[in-house]
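Opening my notebook on this one. I want to go through the sheet, then the helices, then the cysteines.

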Amino acid sequence: EIRNPLASLSGSIQMLQGELSLQGDGKHLMDIVLRETDRLNTIITEFLEYARPRTSSLEEVSPAALFHDAITLFKNSRDFKESILITCAVDEGAVIKGDPHRLRQVLWNLLINSCQAMPEGGEIRISATRLSPVQGDDDWLEIIFSDTGAGIGPEHLEKIFEPFFTTKDVGKGTGLGLAFSYGVVQSARGFITIRSQPDEGTTVAIHL
């Protein structure tokens, strides 16, 4: 009910933008309208992903392939900065159970968060290591995702997985990315934790 008229608005404005020769404030206002319609569409998409009922249907997924796809797409997106170095060391033989589309979105959310926490550039380090089973338990894969960004204060860490909670500037986040990621990891029968200090970066640990 919201997305369909929003798509009509966006398409109409783009057609007008191509036909009109706007300059100065007129062009600036048109750009704002298009940017804000894109932002509304992003909010709707993230909310639907967050609110969608969890599926219990899990399939075997290669973490190495997931990371390769997510990093390649991210490096070719407008959110990526050349001043950011991404290093990745993943156990090539590891296999996990989950929804590949939703797990890829989790990785994308983490990449976006890290990039926005490092406006002047920095490093994102990713690793995925198999852990030995304990007392006949299944194998676990430990995914460590760390950055050298601004970090998160202790007063915010306890709220970090709450829907619509965000420390980002207005217009730069919906507060649904980590809430969505938390739900995806839980639905894959795993768990996720975050360690962070202001000015010391952030480390996200995912166990699947």
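**Hairpin, sheet, helices, cysteines**

I started at the hairpin of β6 and β7: five residues lie between the strands, and Asp199 there takes a positive phi near 65°. I keep in mind that this is a predicted model.

Next I looked at how the two strands of that hairpin pair. β6 and β7 run antiparallel and are joined by six bridges. For one register check I took Arg195, which stands opposite Thr203 in β7.

Which residues of β6 sit on the covered face, and which on the uncovered one? I found Ile192, Ile194 and Ser196 on the covered face, with Phe191, Thr193 and Arg195 on the uncovered one. That fits the textbook pattern, in which side chains of a regular strand alternate between the two faces of the sheet.

Then I stepped back to the whole sheet. It is open, has five strands in the order β2-β4-β5-β7-β6, and its pairing is mixed. The edges are β2 (84-90) and β6 (191-196), each of which pairs on one side only. I also looked up the twist: ignoring direction, neighbouring strands are turned by 10° against each other on average.

Further into the order I checked β4 and β5. Strand β4 (residues 122-131) runs antiparallel to strand β5 (residues 140-147), and eight bridges join them. As a register marker I noted Ser127, whose bridge partner in β5 is Ile144.

What packs on the sheet? Helix α4 (residues 100-116) does, touching β2, β4, β5 and β7 (202-207). I read its direction as making about 25° with that of β5. Helix α6 (residues 177-187) packs on the sheet too, touching β6 and β7. The direction of α6 makes about 140° with that of β6.

At what angle do α4 and α6 pack? I get about 145°, with the axes 9 Å apart. The crossing of α4 past α6 is left-handed. For the contact itself I listed the residues: from α4 come Arg102, Leu103, Gln105, Val106, Asn109, Leu110 and Asn113, and they meet Gly177, Leu178, Phe180, Ser181 and Val184 of α6. Sorted by class, that contact has six nonpolar, five polar and one charged residues.

Cysteines next. How many disulfides are there? The count comes to zero. Cys88 is in no disulfide, and the nearest cysteine sulfur, that of Cys115, is 16 Å away. A disulfide needs the sulfur atoms within 2.5 Å, so I moved on to their surroundings. Is Cys88 buried, exposed or partly exposed? Cys88 has a relative accessible area of 39%, so I put it down as partly exposed. Cys115 is also in no disulfide. With a relative accessible area of 1%, Cys115 is buried.

Last entry: Thr37, found in helix α2 (residues 24-51). I count Thr37 as buried because its relative accessibility is 10%, and the cut-off for buried is under 20%. What does Thr37 touch, leaving aside its neighbours within four places in sequence? Thr37 is in contact with Leu6 and Ser10. I also looked up Ile13: Thr37 and Ile13 are 24 residues apart in sequence, and their C-alpha atoms are 9.9 Å apart in space.

Key:
Residues numbered from 1 in each chain as written. Predicted model: local features only at pLDDT ≥ 70, side-chain atom pairs only at ≥ 80, totals over all residues. Heavy atoms only, no water. Pairing = 2+ DSSP bridges. Helix = DSSP H or I, 4+ residues; strand = E, 2+ residues; numbered from the N terminus. Axes fitted to C-alpha atoms, helices over the stretch in contact; angles between N-to-C directions. Contact = heavy atoms within 4.5 Å. Buried < 20%, exposed > 50% of the residue type's maximum accessible area, 1.4 Å probe, protein only. Left-handed = near helix turned anticlockwise from the far one by under 90°. Nonpolar A, V, L, I, M, F, W, Y, C, P; charged D, E, K, R; others polar.
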